[in-house]
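Visitor: I should like to learn how to read the features of a structure of this kind. May we go through them in turn?

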Amino acid sequence: MTTTSLWIPGPTEVRPELLAECARPMIGHRFPEMTELLERIDPGLRLAFGLEADSSAHVAVHSCTASGLMESVLRGVTGRVLSLVNGSFSKRFAEVAESLGLEVVRLQRELGQAFSTEDVAVALRDQGPFEVVTACASETATGTATLPSRIAAALVEHPDTMLFVDCVTWLAGAPIDLDANRIDAAIAGTQKALALPPGLGLMAVSDRFLERARKAPRRGWFLDPVKLVECHAAKKPPMTPTISLHYALARQLEEISSGDLEARLSDRPHPGPGAAAWAARFARHARMRDRTIAWATERGLHHTCAREDVSPTVSSIDAGGRDVPAFLAHMREEGFRMGGGYGDLKQTAFRIGHMGDHTEAELEQLLAAADRGLGSTA
Ligand SMILES: Cc1ncc(COP(=O)(O)O)c(C=O)c1O
């Protein structure tokens with residue numbers, strides 16, 4: 001096989017139609033065409049973040065990666081921060097908050113351990129009050145999910161505490177339900193389950209976040225969350241945006257929201273448009289996750305986290321003592337680029353990014369190749 005398909009935990013494979021969107025002739029970002037382009041993005045983005053029809057939450061896009069938006073939303077904070085840390089990306093939220101001079105308490109768990117409602121409730125009770133809790137819905141380092149609803153349940157008793165969620169390997173792969181989970185800020189990028197090139201940050205924030213952020217004294221300029229939300233609402237980007245990526249994002253959101261893309265990818269009846277189309281996309285991700293768990297279990301392999309905590313988009317699997325670099329080289333030969341384990345797990349585990357526009361049939365091909373690879377590297 002001469003071409004390879006990308007199954008790392010991001011960036012993910014991008015469909016040729018979407019790459020072609022990036023090759024459109026340039027427009028001026030003050031042209032009416034740019035306003036129209038930004039207007040095309042909003043309906044799908046609101047569905048991706050699971051906003052209710054009458055939601056007062058705001059969405060915005062910004063030409064930076066997800067880490068930039070992590071910093072952006074923290075620039076709207078002045079009080080104490082509780083950061084749930086169980087891997088390098090959840091740690092990043094804490095590090096960015098500390099770099100901004102905020103007082104941060106880390107609630108630390110081992111790699112692969114998820115957070116329970118009880119964990120968070122105890123920390124809030126014993127070490128609070130906090131202005132905000134930060135969490136990572138899908139810790140890409142270990143493929144561990146921490147359901148936003150679990151943290152939201154702990155916050156019921158602390159209505160003044162905000163919840164910020166890193167949805168980088170969650171958005172477009174599983175439901176976030178920003179309003180239902182009373183999330184105040186959710187941030188993501190384009191290069192994961194949305195299956196687009198990297199370079200565009202996506203955010204949704206509650207109205208109360210915006211009101212509080214207005215009072216934060218040093219919000220900077222490039223990442224000022226109030227400016228980002230207000231400029232997006234006015235369809236006036238504060239600086240020259242990554243216009244090419246906006247074309248690809250608009251098309252992808254429209255194709256997902258129509259249900260047409262999912263009908264093509266899943267070989268199932270057309271789900272219908274709107275929220276039903278997004279639910280069908282989430283369901284395909286859940287099936288790919290479950291199939292990967294079943295495959296690993298049948299072969300006596302274990303995920304880095306407990307089975308019930310496996311992320312909908314990323315699996316980190318212990319290779320059972322096999323030679324991981326040789327296994328990944330075999331996979332590359334067969335046309336599949338997969339990830340090694342993260343950090344300390346580099347030599348002992350491999351990761352599959354089962355997300356984006358990958359199909360279940362393609363996953364079967366990858367798993368068949370993995371069987372051959374496991375056989376030859378045992
Ligand atoms: C969970 C998570 N958070 C944050 C990031 C950082 O995103 P970016 O590299 O787009 O800034 C990543 C990147 O892989 C991630 O997986």
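Guide: Let us begin with record annotations. UniProt positions are given in the numbering used here, feature names are shortened, and annotations may be inferred rather than shown by experiment. This is a predicted model, in which local features need pLDDT of at least 70, side-chain atom pairs count only at pLDDT 80 or more, and totals for chains, interfaces and linings use all residues. Residues are numbered from 1 along each chain as its sequence is written, and side-chain values use heavy atoms, with hydrogens and water left out.

Visitor: Which feature does UniProt place at Lys192?

Guide: The UniProt record, an unreviewed entry, places "modified residue: N6-(pyridoxal phosphate)lysine" at Lys192. Helices (H or I, at least four residues) and strands (E, at least two) are DSSP runs, numbered from the N terminus. In those terms, lysine 192 sits in the loop between β9 (185-189) and β10 (201-205).

Visitor: Does lysine 192 count as buried or exposed, and why?

Guide: Buried means under 20% relative accessible area, exposed over 50%, and partly exposed in between (1.4 Å probe, protein chains only). Lysine 192 counts as buried because its relative accessibility is 9%.

Visitor: How many residues surround the ligand?

Guide: A residue is near a molecule if one of its heavy atoms lies within 4 Å of it. Here 13 residues surround the ligand, and the closest are Thr65, Ser67, Thr140, Asp166 and Lys192. For classes, Ala, Val, Leu, Ile, Met, Phe, Trp, Tyr, Cys and Pro count as nonpolar, Asp, Glu, Lys and Arg as charged, and the others, Gly among them, as polar. The shell divides into five nonpolar, five polar and three charged residues. Its largest share, three residues, comes from α3.

Visitor: Which polar contacts does the ligand make?

Guide: A polar contact is a pair of N or O atoms within 3.5 Å; within protein, one must be able to donate a hydrogen and the other to accept it, and residues adjacent in sequence count only if both atoms are side-chain atoms. An N or O atom in the side chain of serine 67 is 2.6 Å from an oxygen atom of the ligand. A backbone N or O atom of alanine 66 lies 3.4 Å from a ligand oxygen atom. In the side chain of aspartate 166, an N or O atom is 2.6 Å from a nitrogen atom of the ligand.

Visitor: How much of the ligand does the protein bury?

Guide: Accessible areas come from the Shrake-Rupley method with a 1.4 Å probe; for residues, only the protein chains shown count as cover. Taken alone, the ligand exposes 390 Å², of which the protein buries 88%.

Visitor: Where are the cis peptide bonds?

Guide: One runs from glycine 10 to proline 11, with omega near 0 degrees; proline 11 is in the loop between β1 (5-6) and α1 (16-21). Another joins glycine 128 and proline 129, with omega about 5 degrees, and proline 129 is in the loop between α5 (117-127) and β5 (132-136).

Visitor: Which residue other than glycine has a positive phi near 60 degrees?

Guide: That residue is aspartate 267, in the loop between α10 (260-266) and α11. Aspartate 267 counts as exposed because its relative accessibility is 74%. Arginine 182 also has a positive phi, near 40 degrees, and counts as partly exposed because its relative accessibility is 24%.
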